[in-house]
Amino acid sequence: MEAALAEELGEIAALDQTMTVHNQVPGGVHCSGSLQDGWRINLHSRIASRVLMRMGHTSYSNENDIYDLVLDTHWEDWFGYHHTIRVDVTAVKSPLKSLEFITLKIKDAICDRFRDQFTQRPSVNTRNPDMRIVGFLDARTFTIYLDLSGEPLFKRGWRMETGDAPLRENLAAGLLRTSGWKPGVPLFDPMCGSGTILIEAAQILAGIPPGMRREFAFEKFHQFDPAIWADIKAKVKPHPLPAEPTIFGSDISGDMVVMTRNNLNKAGIRFDVPLKQIEAQEIKAPTTQPGILLTNPPYGERIGVRGDSSLESDDLAKEFFTAFSATLKQRFAGWSVFLFTADLTVPKLLRLKESRKTPFFNGALECRLFRFDMVSGFNRREEAKPKPDQNPQ
């Protein structure tokens with residue numbers, strides 16, 4: 001999602017002309033600006049997982065080079081020995097053998113610096129730390145970061161309930177951006193689960209920043225100024241609520257529909273998002289104006305929630321996608337259909353040719369966002385096909 005994040009950061013930079021967006025790198029985007037720009041990214045970014053502030057950078061040949069850089073970093077300018085810490089390290093093509101040992105060296109360097117200056121050191125808390133320190137190594141260089149976010153940014157603070165396999169919120173936001181959806185365009189998720197895609201879209205429509213209802217690690221920094229932070233949040237202006245619904249959802253499970261409604265309410269959505277309990281094969285277009293259908297279809301056992309238990313899961317999938325394809329062709333002419341799935345055979349199961357496929361990772365799972373354009377005439381072609389003789393002689 002690097003390209004989508006870079007685009008979003010450009011929009012956030014336009015809010016205050018002190019931030020510059022730089023290059024995309026695997027897994028992230030570099031940008032620079034004031035400390036308050038880091039706060040703004042945490043408040044407004046729907047796609048980022050974390051905002052990391054670079055504290056130091058060096059070439060290295062062994063673990064002692066890493067220790068020396070971390071020891072020379074002015075951690076005491078940002079937090080105190082009474083704060084708890086956690087250190088995480090990732091590496092790409094590093095010649096050093098043990099990430100655990102590097103993690104220990106970083107922790108030791110931070111604690112040694114505090115002990116030298118204050119005769120006391122921070123404690124380690126891997127579960128709920130006040131401060132997260134992140135190290136990254138490539139083949140030749142080491143970079144140390146201080147995490148401004150704390151809990152990952154996909155944790156928006158609204159989620160009460162989840163289904164079996166909920167999408168992460170920032171992934172749902174990335175799918176919405178990649179699909180080209182904008183407020184005002186009809187959006188329909190016919191397999192909405194606990195409602196993540198719908199809620200991200202509804203918050204965008206309402207102008208509710210994703211970080212409005214949660215706390216961040218930077219609020220514990222020495223330099224944190226609550227008045228400036230309150231002013232940044234006060235500049236957020238909600239959008240006028242739509243007169244007519246443009247976001248719609250449905251699911252085969254009534255429990256999921258109730259869960260989505262509860263989550264919408266918790267996320268601060270005060271306008272109507274129509275929801276139905278209905279099988280995906282039975283849906284109809286919710287508006288006369290064509291829009292975007294975006295969903296994460298179930299697969300395997302999830303398809304068989306109300307399926308025939310005597311059928312193998314592959315047969316269930318084939319039966320489901322055959323029926324769903326017929327529905328799309330007959331009832332969604334003019335719509336752009338986006339299916340996000342780890343099953344790369346979905347176009348074959350639908351008997352549709354995708355117009356685009358975008359690779360994504362859902363955690364470690366490689367997925368695709370398939371786009372299908374439902375051109376007008378699909379249904380006429382279906383009707384024109386010869387029907388099997390109902391009364392053979």
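**View 1: Helix α3 lying across β3, β6 and β7.** Helix α3 covers residues 63-71 and runs at about 40 degrees to β7. Helix α4 (residues 99-118) packs on the sheet too, touching β4 (84-91), β5, β6 and β7, and its direction makes about 140 degrees with that of β4. Touching, or contact, is heavy atoms within 4.5 Å. The angles run from 0 to 180 degrees between N-to-C directions, using axes fitted as lines to C-alpha atoms, for helices over the stretch in contact. Helices (H or I, at least four residues) and strands (E, at least two) are DSSP runs, numbered from the N terminus. Keep in mind that this is a predicted model: local features need pLDDT of at least 70, side-chain atom pairs count only at pLDDT 80 or more, and totals for chains, interfaces and linings use all residues. Residues are numbered from 1 along each chain as its sequence is written, and side-chain values use heavy atoms, with hydrogens and water left out.

**View 2: The five-stranded sheet, with β6 and β7 in focus.** This sheet is open, mixed in its pairing, and ordered β3-β7-β6-β4-β5. At the edges sit β3 (52-59) and β5 (123-124), each pairing on one side only. Strands count as paired if DSSP finds at least two bridges between them. Strand β6 (residues 131-137) and strand β7 (residues 141-147) run antiparallel and are joined by five bridges. Within that pair, Leu137 faces Phe142 of β7 as its opposite number.

**View 3: Ile133 in the largest nonpolar core.** The core holds 51 residues, and those with the most contacts inside it are Trp75, Phe79, Ile106, Ile110, Ile133 and Leu146. A nonpolar core here is a set of buried Ala, Val, Leu, Ile, Met, Phe, Trp, Tyr and Cys residues joined through side-chain atoms within 4.5 Å. Buried means under 20% relative accessible area, exposed over 50%, and partly exposed in between (1.4 Å probe, protein chains only). Setting aside neighbours within four places in sequence, the contacts of Ile133 include Trp75, Phe79, Ile106, Ile110 and Leu146. Ile133 also contacts the charged-type names on the list, Arg86 and Asp88 among them. Apart from the largest core lies another one, of 32 residues, including Ala172, Ile247, Phe271 and Ile292.

**View 4: Asp130 in the loop between β5 and β6.** Asp130 counts as buried because its relative accessible area is 18%. Leaving out residues up to four places away in sequence, Asp130 touches His82, His83, Thr84, Ala217 and Lys220. The Asp130 side chain makes a polar contact with the side chain of Lys220 at 2.9 Å. A polar atom of that Asp130 side chain also lies 2.8 Å from the backbone nitrogen of Thr84. A polar contact is a pair of N or O atoms within 3.5 Å; within protein, one must be able to donate a hydrogen and the other to accept it, and residues adjacent in sequence count only if both atoms are side-chain atoms. Gly150 is 20 residues from Asp130 along the chain, with 7.4 Å between their C-alpha atoms.

**View 5: The seven-stranded open sheet and its helices.** The strand order is β10-β9-β8-β11-β12-β14-β13, with mixed pairing. Its edge strands are β10 (275-277) and β13 (356-362), each paired on one side only. From one strand to the next, the twist averages 20 degrees. Helix α5 (residues 169-179) packs on this sheet and touches β8 (187-189), β11, β12, β13 and β14 (365-373), its direction making about 170 degrees with that of β13. Helix α8 (residues 254-266) packs on the sheet as well, touching β9 (247-251) and β10, at about 165 degrees to the direction of β10.

**View 6: Strand β11, covered on both faces.** Ile292 and Leu294 are buried on one side, while Leu293 and Thr295 are buried on the other. In a regular strand, side chains alternate between the two faces of the sheet. Strand β11 (residues 292-295) runs parallel to strand β12 (residues 336-341), with four bridges joining them, and Ile292 sits opposite Ser336 in β12. Two bridges tie β8 to β11, again in parallel, and here Phe188 stands opposite Leu293.
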